Amino acid sequence: MSGPEGATDGQVVRAILAGDTERYGVLVTRYRDRYARYAARMLGSRDAAEDAVQDAFVRAYDQLAQCRDPDNFVGWFFLILRNRCFAERRKSKDVAPLEAAGAIAAAERAEAPVEADERRRALQHALLELTPEQREVFVLKHVEGLSYGEIAERLKTSVPSLKMRMHRAYDRLREQLKDRP
Amino acid sequence: MKTLRAFLLLALLALVGGGTTLHAQDISARLAGRVSPEVAALVQRLATSAAARGLPVDPLIQKAIEGGAKGVPADRIAAAVRALAGQLDVAAAALTRAGPTHPDTDAIAAGAFALNAGLNDTNVTTLARVSGPRHAQGGTLRVAGTLAAMGVPAAQTVELVTQVIEAGGDSADVLALPAQVSAGVSHGRGVTPAQAAAGLARAAAARANAPGQQKPKPPHP
Amino acid sequence: MSGNNFHPQVKQLLDGEITLADLPPALRAEGEEALRLLAAVDREPVMFPGLDTRVLAKLRRRADSPSFWRRLVTPREVRLRVRPWTLVPAFAAALALVLVLVRPAPTPATSAVTVRFVLFAPDAHDVSLAGTFNQWDPAATPLVRTGSPGVWSATLTLPAGQHQYAFVVDGARWVADPGAPAVDDGFGRRNSVLSL
């Protein structure tokens, strides 16, 4: 994966490990927003997502020597962020307040019909009621737009087990949203 | 047809069995004449199972050889080798918790050394995390184990190593810590290793927070 | 069909494997409900301007301190001072000194260090050194008497790294170095630790 500077992730990682630690900035800038939306949907709060992404970058720096495939830094970084997101949900079992879910929609959309806004908030709220694994497969497929095959490769699991997880998520979401307009 | 099947089965067994037989031969060659056959058999079993778990095997063999050389009774050697295998397992688990990838065998062996010297598994996880990209986990853990072996209490050992690394020390600085604690003990009057270590840690912390250091930018409003 | 569960074909629709037109008329309404659910998904990009600045500032703060430890490290010869109170006669009359003579500024390429082991054991008939570097063989590395009475020594070149050792007095008594870091050997005794 190459960026505007021209150096591949692998080249940058190896330079950092050789002592040119300032070059970590290249990777942070390159991937700063890559999983911002994933973190925001997983955690239901923009602030929590920003903290998670920041922590993940610091953690990735600390463990850079253990990145087995430097050319796939971003895939390894995703796993670190993922662990951080899952840990966050385990810590606070409370559902994020609706205001937080609404804040995402409000901050990033200029004007939208109130009804559509309300439906977005309701779905985000319903997503937070799912297990982290169910929420994740939904977010990766329907927010990030990955195929089942791509998700399976990234999470090192099988397409059938992902589909089972997703179909359960569909049913739970339907149940959550049933009583809303 | 039967002969062909039998031949294929034998060939398969030879392929599979060949690797393990060679491994076992290495171990029995190193132990031959140094320990009793019973101890050798036990070490082989423990080593094979340890290798399957990704643990280093050499420390187990070394410990058995040491016991044989010291004239220790066979059951005592067996107990010591089993205990060491247990420490390797605990060290591997502690390093795995520092994650996200599998620990290397050098780090595991160093972790077991640190545990034996008096650190606990939480200390090992902390030190592995603190090592960051610039310090090999094995090196950090060996230094920490040495400090503990010198009598520096576990909490202060972790504190001292952490402060030096976070103050920007490189691997030479970390490796020098035992000598510095020792120097502190020799040059002071009645200074314990714990006190010498505490003094060094305070100096490192003061250095990291000294005025004139680049302060972090305030958070984005 | 459970009341709250989508029909399996509607789930295929949600998965993007079929279209609304592929559904039988009886499932059209449910299909439309499912598509409305998907339409409510918030796909707006999220950005964190300034996050890279904050991450780098945090990492710089940890990395910026100059390495002042190096000044204390440069005299690379280490001498352990003799402790008078360990000169106890008879059984415990073994005092060990380990002088580490290190080549100036060893680089990663340097992998061997010359070490001189010294033991004060005036009542010993023979003394040897056993450790991880010689398979713990008490016969492999005898110490020799030096000019000073009761003082034995041996000089070895050892690979860099960590070693455990002990002295063997009169072939039977295993003695650790009282001045060196010591660890439990697992057999009821202590081994000394040497880091090069």
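Tutor: Let's start with one definition: two residues are in contact if their C-beta atoms, placed from the backbone, lie within 7 Å. Keep in mind that this is a predicted model.

Student: Okay, try it out. Leaving aside neighbours within four places in sequence, which residues is Val161(B) in contact with?

Tutor: Setting those neighbours aside, Val161(B) meets Leu127(B), Val130(B), Thr140(B), Val143(B), Ala144(B), Val174(B) and Leu177(B). Val161(B) also sits in the largest nonpolar core, which has 91 residues. Along with Val43(B) and Leu60(B), Val161(B) touches the most other members. Helix α4 of chain B, residues 74-98, gives the most to this core, with 12 residues. Apart from that core lies another, of 57 residues, including Tyr35(A), Ala52(A), Ile151(A) and Leu23(C).

Student: Now a helix. How do I work out which side faces inward?

Tutor: Start with the periodicity: an α-helix has 3.6 residues a turn, so residues three or four places apart point the same way. Then look at α11(B), where the buried residues are Pro193(B), Ala196(B), Ala197(B), Leu200(B), Ala201(B) and Ala204(B). They cover an arc of only 135 degrees around the axis, so they are on the same side of α11(B). These buried residues pack against α7 (137-149), α8 (154-166) and α10 (177-187) of chain B.

Student: And why does the end-to-end distance of α11(B) agree with the expected span?

Tutor: Helix α11 of chain B has 16 residues (193-208), and at 1.5 Å a residue they should span 22 Å; the end C-alpha atoms are 23 Å apart, which agrees.

Student: What pattern does chain A follow along the sequence?

Tutor: The pattern is α-α-α-α-α-α-α-α-α-α, with 10 helices and 0 strands. Of the 181 residues in chain A, 39% are buried. Take contacts in chain A between residues at least 6 apart in sequence: 64% of them join residues at least 24 apart.

Student: Is helix α2 of chain A mostly covered or mostly open?

Tutor: Mostly covered: α2(A) runs over residues 24-31, and 6 of its 8 residues are buried. They are Tyr24(A), Val26(A), Leu27(A), Val28(A), Arg30(A) and Tyr31(A).

Student: How many residues does the contact take from chain C and from chain A?

Tutor: Chemists often think in areas here: the size of an interface is often given as the accessible area lost when the parts come together. Counting residues instead, the contact takes 24 from chain C and 36 from chain A. On the side of chain C that touches chain A, α1 (8-15), α2 (28-39) and α3 (51-63) each supply at least two residues, and α3(C) gives the most, with 8. By type, that side of chain C divides into 15 nonpolar, 2 polar and 7 charged residues.

Student: Last one: how far do I trust the coordinates?

Tutor: Where pLDDT is low, the predicted coordinates should not be read in detail. Chain B averages a pLDDT of 83, and 83% of the residues score at least 70. Over residues 14-21 of chain B, though, the pLDDT is below 50, and this stretch has 0 contacts beyond near neighbours in sequence. Chain C averages 77. Among the elements of chain C, α1(C) has the highest mean pLDDT (95) and helix α4 (residues 69-73) the lowest (29). Over residues 65-95 of chain C the pLDDT is below 50, yet the model has 53 contacts there beyond near neighbours in sequence. For the complex, the predictor gives an ipTM of 0.82 and a pTM of 0.52.

Note on methods
Residues numbered from 1 in each chain as written. Chains lettered and ligands numbered in written order. Predicted model: local features only at pLDDT ≥ 70, side-chain atom pairs only at ≥ 80, totals over all residues. Helix = DSSP H or I, 4+ residues; strand = E, 2+ residues; numbered from the N terminus. Buried ≥ 20, exposed ≤ 12 C-beta atoms within 10 Å, placed from the backbone. Core = buried A, V, L, I, M, F, W, Y, C linked by C-beta atoms within 7 Å. Nonpolar A, V, L, I, M, F, W, Y, C, P; charged D, E, K, R; others polar. Expected span 1.5 Å × (residues − 1). Arc of directions from axis to C-beta. pLDDT = per-residue confidence, 0-100.
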